Amino acid sequence: MRHVIALDVGGTGMKAALAGPGGEVLHRARRATGRAQGPDAVVAGILDFATELHAYGTEHFGTPASAAGVAVPGIVDEADGIAVYAANLGWRDVPLRDLLAQRLGVPVALGHDVRTGGLAEGRVGAGLGADRFLFVALGTGIAGAIGVDGRVEAGAHGFAGEIGHIVVRPGGAPCPCGQRGCLERFASAAAVSEAWAAASGDPGADAADCAKAVDSGDPRAEAVWQQAVDALADGLVTALTLLDPRILIIGGGLAEAGETLFAPLREAIRARTTFQKQPTLVPAALGDSAGCLGAGLLAWDLLASTDRMEVTP
């Protein structure tokens, strides 16, 4: 059976699948990233994992994988297939696409993890059928994916969708990127955790605890939560003004709060929009499988483009 390898590389673990032509998952596997052993060991682990998946497909489906798609964190040069930089993995300028293609003997597509997850959400998840969508992941940081007609825009230099670094509070808290007042310093899960730990006096408290306290009516939690919602709405309205998406998909850890987040966020966005059309605001649907599913889509897209080139006279 014709299939592709889909691999989502995270800071601590890797999720993989063999995906059929209709996107159906034929096999799943997980493995630790092994970042404690250093970047070279991480790369070696990725190559070995992909090789095992290739062998599994050959043995169980009678044919090797036709292509592979890989999603990685950090700065990614998708056009040249280079994992430029990832702070949590320690690598720089790794020609990962070529290394995998040489090892596997098949074409390989390399993508940014959030954009790849956004591709899956837009095409087969919460944004199914939408011609324009914006996917925003609220995790340790904040990143986005700009969807246009079934694909995700990477930008001229691979930085498209970095909504977390829109400045929403000029002169505010310093950000590791070098700016002050970036959105992710106020509205990421990490920022909410930090603010709630300080407000509650519990150094172990996190964003999920803050959401529970909001639901119970704790005024300290409500103040922390509203500060995050207001900052998030400011950043999102800037993005909406520039991009005019039909659907706004919110994922990541903070989105797990459900309507505790979505109800005030809808209202905050509504209060800030004037001439802009307010998009449909929905939670992400695919959870932590989005990156892996998106990697499979990258691989099938690569095959489709290769097939078109082969039949073009």
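**Exercise 1.** Which residues of helix 6 are buried?

*Solution.* A word on the input: this is a predicted model, where local features need pLDDT of at least 70, side-chain atom pairs count only at pLDDT 80 or more, and totals for chains, interfaces and linings use all residues. Residues are numbered from 1 along each chain as its sequence is written, and side-chain values use heavy atoms, with hydrogens and water left out.

Step 1: take buried as under 20% relative accessible area and exposed as over 50% (1.4 Å probe, protein chains only). Helix 6 (helices are DSSP runs of H or I, at least four residues, numbered from the N terminus) then buries A207, C210, A211, A213 and V214.

Step 2: look down the axis of helix 6. These buried residues fall within an arc of 160 degrees (from the directions from the helix axis to the C-beta atoms), so they line one face of the helix.

Step 3: turn to the face away from the buried side, which carries the exposed K212 and D215.

Step 4: find the cover. With contact meaning heavy atoms within 4.5 Å, helix 5 (189–200), helix 7 and helix 8 are among what covers the buried residues of helix 6.

**Exercise 2.** Find the strands at the edges of the open sheet 5-6-7.

*Solution.* Step 1: strands are DSSP runs of E, at least two residues, and two of them pair if DSSP finds at least two bridges between them. Here 3 strands give the order 5-6-7 with antiparallel pairing.

Step 2: strand 5 (75–77) and strand 7 (91–94) each have a single partner strand, so one side of each lacks a neighbour in the sheet.
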